[in-house]
Amino acid sequence: MSEFELIERYFRQGCQRGNQRKDVLFGIGDDAAILRAPDNNQLVVTTDTLVEGIHFLKQIEPAVLAYKSVAVNLSDLAAMGADPAWLTLALTLPESNEPWLAEFAAGLNQICEYYGIALVGGDTTRGPLTITLTAMGHVPAGQGIYRHGASPGDWIFVTGHLGDSAAGLKILHGDLAASDDHREFLVTRHLRPTPRILAGRSLRGIASACMDISDGLAGDLRHIVKASQVSAHVEITDVPLSSALVETLGLEQAQRVAIAGGEDYELLFTVPEARKGALMTALGEAGVSHTCIGQIRAGEGIHYYRNGEVESDAPTGFQHF
């Protein structure tokens, strides 16, 4: 199958049914897509590359791989408070495997339909299996949320639970045993993260800083405090944990994994004291759980506490290099 036949069969036809948007003036089929952004909105763009054996396991099902590839990009848009709209895909394949492509395209179409986004272009080439996605969205002008806006006195929050994805990855690697129920839950949290689109949208005008947790709480909170030129004080016992994680690892190890483990794709954000009430209302209406885990203060670095006492042996987050 030629490159153009592949694109036509699996992506132009298969991935555009049911998710075409009126703001796509021209999508797949020309040198570039032509899109129409809403009036008085700003464009938000993010790109992620996933490489087989580094970012995902070789045995991952193609439909699940497609879902996660899109979800991690949507999580970046959520952290900026953006509404997702469009997607491009650059797919590097070792061979033209039609059954694999059919499953991948079906998974891609499913998540695109669910979140109302359109695949509008991309590229295919031969080589080691690599997936590069560029997700685009928009946010009302002046309402984007950045990581550099935290100020002393702001409270630090996270959505959902932390550490489940890292435990799920350990299970897939065979490095961790879990009961059948906990295994399914933890592995699913790794393979099918939930991009917090509604939460990100709800945080517009409320959060002073925000980012998604991809490299672990410790690593990503470090980005916020460095960009904002402040320090963070975190109470380890307040970090939200699922019962599956605690029952599988024990409380202390679960806390360490929740701080250092990556790929949670929950939101980490700061909120001034005056907006805490608005936060409770906004995220309550969005149906998203959230937990206060500490406070921003003057100074630099991250300081961990356990029951109010300084914790000197806190783990660090994931490092790409």
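**Exercise 1. Classify the residues that line the largest cavity: how many are nonpolar, polar and charged?**

*Solution.* The lining of the largest cavity has no nonpolar residues, two polar ones and five charged ones. Keep in mind as you work that this is a predicted model. Next, put names to the classes. The lining consists of His161, Asp164, Ser165, Arg189, Glu263, Asp264 and Glu266. Asp, Glu, Lys and Arg count as charged, so Asp164, Arg189, Glu263, Asp264 and Glu266 fall in that class. His161 and Ser165 are then the two polar members. Finally, add the volume: the largest cavity takes up about 30 Å³. With a threshold of 30 Å³ or more, the count is one cavity.

**Exercise 2. Work out the strand order of the seven-stranded sheet, and say which strands lie at its edges.**

*Solution.* Start with the order, which reads β8-β10-β7-β11-β9-β12-β13. This sheet is open, and its pairing is mixed. The edges are β8 (209-212) and β13, each of which pairs on one side only.

Now take the pairs one at a time:

- β7 (residues 155-159) and β11 (residues 290-297) are antiparallel and share five bridges. Within this pair, Phe157 faces Cys292 of β11.
- β9 (residues 231-235) and β12 (residues 301-306) run parallel, again with five bridges. Here Glu235 is set opposite Tyr305 of β12.
- β12 and β13 (residues 309-310) are antiparallel, with two bridges. Arg306 lies across from Glu309 of β13.

The pairs listed here include both parallel and antiparallel examples, in keeping with the mixed pairing of the sheet.

One last step concerns the link from β12 to β13. These strands make a hairpin with two residues between them. In the turn, Asn307 has a positive phi of about 55°.

**Exercise 3. Describe the four-stranded sheet: what is its order, and how are its neighbouring strands turned?**

*Solution.* The strands follow the order β3-β6-β4-β5 in an open sheet with mixed pairing. At the edges are β3 (41-51) and β5 (118-126), each pairing on one side only. On average, neighbouring strands are turned by 15° against each other, ignoring direction.

For a pair inside this sheet, look at β4 (residues 83-93) and β6 (residues 130-140). They run antiparallel and are joined by nine bridges. Ala90 is found opposite Thr132 of β6.

**Exercise 4. Find the nonpolar cores and say which helix gives the largest share of the largest one.**

*Solution.* A general point helps first: in soluble globular proteins, nonpolar side chains tend to be buried together. In this model, the largest nonpolar core holds 84 residues. Leu91, Leu203, Leu217 and Phe269 have the most contacts inside it. Its largest share comes from helix α2 (residues 62-79), which supplies eleven residues. A second core is separate and has six residues, among them Val24, Ala118, Val120 and Met136.

**Exercise 5. Is Pro128 buried or exposed, and how far is Pro128 from Asp164 in space?**

*Solution.* First, locate the residue: Pro128 sits in the loop between β5 and β6. Then check the area. The relative accessible area of Pro128 is 66%. Exposed means over 50%, so Pro128 is exposed.

Last comes the distance. Pro128 and Asp164 are separated by 36 residues in sequence, and by 29 Å in space from C-alpha to C-alpha. Asp164 brings us back to Exercise 1, as one of the residues lining the largest cavity.

How values were computed:
Residues numbered from 1 in each chain as written. Predicted model: local features only at pLDDT ≥ 70, side-chain atom pairs only at ≥ 80, totals over all residues. Heavy atoms only, no water. 1 Å grid on protein atoms, 1.4 Å probe; cavity = no way out; pocket = protein on both sides within 12 Å on 5 of 7 lines; lining within 4 Å. Points joined across faces, edges and corners; volume = space filled by probe spheres on them. Pairing = 2+ DSSP bridges. Core = buried A, V, L, I, M, F, W, Y, C linked by side-chain atoms within 4.5 Å. Buried < 20%, exposed > 50% of the residue type's maximum accessible area, 1.4 Å probe, protein only. Axes fitted to C-alpha atoms, helices over the stretch in contact; angles between N-to-C directions.
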